[in-house]
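Student: I've got a structure to look at and could use a hand with how its parts fit together. Can we go through it step by step?

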Amino acid sequence: MPVTRGFTGRPRGGGNDRLPPGQHDTGAGWPTLTAELTPQIDVDEWTLTLDGLVEQPTTWDWRGIHALPADSYFGDIHCVTTWSKFDTTFSGVSVDSLLEVTGVKPEATHVFATSTTGYTTNLPLADITDGKAWIVWDFDGKPLTPEHGGPVRLLVPHLYFWKSAKWITRLELRDHDEQGFWERNGYHDRGDPWLEQRYQGDA
Amino acid sequence: MTQIVPTPVASSWTTAVVREVERLGQDFVKLRLEVADRTPHVPGQHYVVRLRAPDGYTAQRSYSIASDPDDPLVELMVECLPRGEVSSFLHEVVEVGDVLEARGPIGRWFVWGGTTPALCVAGGSGVVPFVSMLRYARRTGTEPLLRIAASAQTRERLPYADELEAYGAFIALTRENHLQTDGSERVAAHIYPEEIVPLAEGIERAYVCGSVGFVSFVGRILGEAGVRSDTVRVEQFGPTS
Ligand SMILES: Cc1cc2nc3c(=O)[nH]c(=O)nc-3n(C[C@H](O)[C@H](O)[C@H](O)COP(=O)(O)OP(=O)(O)OC[C@H]3O[C@@H](n4cnc5c(N)ncnc54)[C@H](O)[C@@H]3O)c2cc1C
């Protein structure tokens with residue numbers, strides 16, 4: 001592809017090996033990008049259901065999910081709209097803890113996440129197990145705000161952030177893959193920032 | 001969340017030759033591009049523009065399409081952000097004849113296919129996808145289905161203001177008084193719910209495009225005007241405060 005005449009880009013001091021290709025550091029900012037109006041969800045009414053190909057389908061309420069072992073993520077997040085945010089801290093529980101409660105049937109290969117708004121996203125099971133995904137309610141020690149998915153969102157930091165469904169209410173284990181909201185709308189099925197898997201058709 | 005418009009999206013990069021550049025004051029630059037192997041778009045979709053430095057570094061950003069699908073060129077309207085990497089390049093450096101990498105159309109959600117009675121509410125440069133919709137509506141005679149309300153600080157900061165007014169769009173300026181098409185003067189203010197109510201009558205869908213703050217403000221007044229939140233489709237860009 002051609003070099004763009006006159007474009008040198010922002011100064012790139014020595015190459016930042018934490019920045020996936022095509023991303024820039026958003027610094028202290030945390031842009032939001034949603035396709036819907038932000039819902040206001042009362043924690044007293046919120047529940048999360050994990051079902052589908054599990055031994056024991058389970059629904060947690062706010063108190064129930066807090067009774068699971070606390071876990072947190074410290075590290076970077078990457079949005080497909082080209083910003084990355086370094087050194088974020090999210091607290092909640094590991095998805096592994098939820099799967100330990102429900103058990104996983106051997107034929108399960110994928111998970112389909114759904115939000116209160118009807119937003120959906122799909123992930124291979126391997127992308128949410130072994131310490132790779134969390135259900136979180138705190139950011140930097142404070143409750144997650146509604147714009148950022150509060151009271152509770154999925155967090156899958158090694159993939160582009162549209163996979164980290166806001167306002168999560170259900171995780172369904174399946175034996176097949178089915179595209180979610182952005183995936184049907186032209187975005188990549190997996191969304192690995194290091195492979196720059198932004199849109200359908202990217203490697 | 002259902003999908004009704006069968007909407008193509010392009011799955012590979014192509015090139016776009018800049019055929020026209022129009023710099024509109026300090027704030028905006030209008031680009032008209034000839035896209036190779038072009039896939040037709042549906043109003044509301046966007047392109048991704050990618051710039052490439054000699055050392056291989058690239059920067060890519062999304063820009064809504066302003067043109068009618070029938071237009072032989074793809075029109076973008078870019079707002080220049082201070083220190084913005086891609087917008088400043090497009091505002092200050094780009095010239096007719098330059099070749100950019102482009103990918104599009106993209107997006108199957110924030111689209112209007114000309115069949116649904118809809119209200120579009122834009123803040124500043126958020127008006128761009130709605131200009132494509134209004135041009136399409138004018139050409140296909142579907143204007144009665146499409147209503148537009150646009151808000152900006154001043155008339156200068158609202159791209160396509162003339163075209164919007166000619167279409168009969170409602171315009172709210174927040175920092176200067178504005179002479180409405182009916183001859184009355186509207187005192188500088190944000191959009192009032194009373195101003196949205198008549199526009200929202202009979203619509204099946206609302207589209208809101210602008211900054212995060214603008215979108216949440218409009219979400220509230222749409223709610224007050226009785227618009228169900230599950231009929232509202234949102235696209236956010238611009239400052240994220
Ligand atoms: C679907 C979609 C459609 C869009 N359509 C349009 C459109 O039609 N028109 C339009 O104008 N935009 C549109 N946008 C926004 C556009 O994609 C870009 O985000 C915008 O042009 C800014 O890009 P940039 O490279 O100029 O700024 P960036 O470099 O990304 O910077 C963004 C902001 O952060 C600040 N900033 C960045 N880095 C630094 C730093 N190191 N220090 C200090 N400040 C910094 C900049 O000053 C700037 O204000 C759209 C976005 C989406 C997602």
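**How two domains meet**

Tutor: Sure. This is a predicted model, and chain B is split into domain 1 (14–106) and domain 2 (118–237).

Student: How many residues does each domain of chain B put into the contact?

Tutor: Picture the two domains of chain B with their C-alpha centres 24 Å apart. Counting residues on each side of the contact, domain 1 of chain B gives 16 and domain 2 of chain B gives 15.

Student: Which three residues supply the biggest part of what domain 1 of chain B buries?

Tutor: Start with the total: the two domains of chain B bury about 1400 Å² between them, with 50% of it on carbon and sulfur atoms. On the domain 1 side, 31% of the buried area comes from a trio that beats any other three residues: Phe28(B), Pro43(B) and Asp68(B).

Student: How many salt bridges are there between the two domains of chain B?

Tutor: Here's a salt bridge to look at: the side chains of Asp27(B) and Arg157(B), at 3.0 Å from N to O. That distance fits the 4 Å cut-off for a salt bridge. Between domain 1 and domain 2 of chain B, the count is five.

Student: Which strand gives the largest share of the domain 1 side in chain B?

Tutor: Polar contacts between the domains of chain B come to 11 residue pairs. On the domain 1 side, strands S2 (28–35) and S5 (74–79) of chain B each supply at least two of the touching residues. The largest share, three residues, belongs to S5(B).

Definitions and conventions:
Residues are numbered from 1 along each chain as its sequence is written. Chains are lettered from A and ligands numbered from 1 in the order in which they are written. This is a predicted model: local features need pLDDT of at least 70, side-chain atom pairs count only at pLDDT 80 or more; totals for chains, interfaces and linings use all residues. Side-chain values use heavy atoms; hydrogens and water are left out. Domain bounds come from an automatic or database domain assignment. Contact means heavy atoms within 4.5 Å. Buried area is the accessible area (1.4 Å probe) that two parts lose on being put together, summed over both. A polar contact is a pair of N or O atoms within 3.5 Å; within protein, one must be able to donate a hydrogen and the other to accept it, and residues adjacent in sequence count only if both atoms are side-chain atoms. Helices (H or I, at least four residues) and strands (E, at least two) are DSSP runs, numbered from the N terminus.
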